[in-house]
Amino acid sequence: MLAWCVRYDIPVVEEIERGDSFNHTYEDICKLSEVTYQPSGKVGEGIVIRPMKEQRSRVLKGERMSFKKINPEFLVKAD
């Protein structure tokens, strides 16, 4: 996906972390979601977490496995 976006000059968000395992607690995920873009200082919407190798979820009726943690400050700003 990244190569395709670069090819067509489509901006992408920063990748925070990549790895072979997932050892984050809920508290870790909450802290990671509290992003602020630099140098603009804009509050980020949150983070998306998905497996390195695309997987489908039976619980999500065959949809891509991923989830998003919304930045609470983003929700406050949206009000």
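**Exercise 1. Classify Lys61 by its relative accessible area and state where Lys61 is found.**

Solution.
- Step 1. In this predicted model, Lys61 has a relative accessible area of 76%.
- Step 2. Exposed means over 50%, so Lys61 counts as exposed.
- Step 3. Lys61 is located in the loop between E1 and E2.
- Step 4. The backbone of Lys61 has a phi near 55 degrees, which is positive although the residue is not glycine.
- Step 5. As background, most residues other than glycine have a negative phi.

**Exercise 2. Describe Asp9 in terms of phi, location and accessibility.**

Solution.
- Step 1. Phi of Asp9 is near 55 degrees, a positive value in a residue other than glycine.
- Step 2. Asp9 belongs to the loop between H1 and H2.
- Step 3. With a relative accessible area of 69%, Asp9 is exposed.

**Exercise 3. Sort Val13, Glu17 and Ile10 into exposed and partly exposed residues.**

Solution.
- Step 1. The loop between H1 and H2 holds Val13, Glu17 and Ile10.
- Step 2. The relative accessible area of Val13 is 65%, so Val13 is exposed.
- Step 3. Glu17, at 48%, is partly exposed.
- Step 4. Ile10, at 34%, is partly exposed.
- Step 5. Apart from residues up to four places away in sequence, Ile10 touches Trp4 and Cys5.
- Step 6. Two C-alpha to C-alpha distances place this loop relative to other parts of the chain. Val13 and Gly44, 31 residues apart in sequence, are 10.0 Å apart in space. Glu17 and Leu32, 15 residues apart in sequence, are 10.0 Å apart in space.

**Exercise 4. Work out which class the aromatic pair of Trp4 and Tyr8 belongs to.**

Solution.
- Step 1. The structure has 1 aromatic pair.
- Step 2. That pair is Trp4 and Tyr8, with 5.0 Å centre to centre and 50 degrees between the planes.
- Step 3. Planes under 30 degrees apart count as stacked and over 60 as edge-to-face, with the rest as tilted; the pair of Trp4 and Tyr8 is therefore tilted.
- Step 4. Tyr8 has 44% relative accessibility, so Tyr8 counts as partly exposed.

**Exercise 5. Find which residues of H2 are buried and which are exposed, and explain why the buried ones line one face.**

Solution.
- Step 1. Helix H2 covers residues 26-33.
- Step 2. Ile29, Cys30 and Ser33 are the buried residues in H2.
- Step 3. Viewed down the axis of H2, these buried residues fall within an arc of 100 degrees, so they line one face of the helix.
- Step 4. Glu27 and Lys31 are exposed on the other side of H2.
- Step 5. The general rule behind such a pattern is that an α-helix has 3.6 residues a turn, so residues three or four places apart point the same way.
- Step 6. Take Ser33 as a case. Its relative accessibility is 0%, so Ser33 counts as buried.
- Step 7. Beyond its neighbours within four places in sequence, Ser33 contacts Gly46, Ile47, Lys69, Ile70, Asn71 and Pro72.

**Exercise 6. Describe the surroundings of Ile49.**

Solution.
- Step 1. Ile49 is part of strand E1.
- Step 2. At 16% relative accessibility, Ile49 falls under the 20% limit and therefore counts as buried.
- Step 3. Not counting neighbours within four places in sequence, Ile49 is in contact with Phe22, Ile29, Ser66 and Phe67.
- Step 4. One of these contacts, Ile29, is a buried residue in H2.
- Step 5. Ile49 and Arg18 are 31 residues apart in sequence, and their C-alpha atoms are 10.0 Å apart.

**Exercise 7. Give the volume of the largest pocket and describe its lining.**

Solution.
- Step 1. The largest pocket holds about 1,500 Å³ of space.
- Step 2. It is lined by 36 residues, and the closest to its centre are Glu15, Glu17, Val48, Ile49 and Arg50.
- Step 3. By class, the lining consists of 17 nonpolar, 8 polar and 11 charged residues.
- Step 4. Helix H1 (2-7), strand E1 (46-49) and strand E2 (67-70) each supply at least two residues of this lining.
- Step 5. E1 gives the most, with 4 residues.
- Step 6. Two of the central residues appeared in earlier exercises: Glu17 is partly exposed, whereas Ile49 is buried.

Conventions: Residues numbered from 1 in each chain as written. Predicted model: local features only at pLDDT ≥ 70, side-chain atom pairs only at ≥ 80, totals over all residues. Heavy atoms only, no water. Buried < 20%, exposed > 50% of the residue type's maximum accessible area, 1.4 Å probe, protein only. Contact = heavy atoms within 4.5 Å. Phe/Tyr/Trp six-rings, centres within 6.5 Å; stacked < 30°, edge-to-face > 60°. 1 Å grid on protein atoms, 1.4 Å probe; cavity = no way out; pocket = protein on both sides within 12 Å on 5 of 7 lines; lining within 4 Å. Points joined across faces, edges and corners; volume = space filled by probe spheres on them. Nonpolar A, V, L, I, M, F, W, Y, C, P; charged D, E, K, R; others polar. Arc of directions from axis to C-beta.
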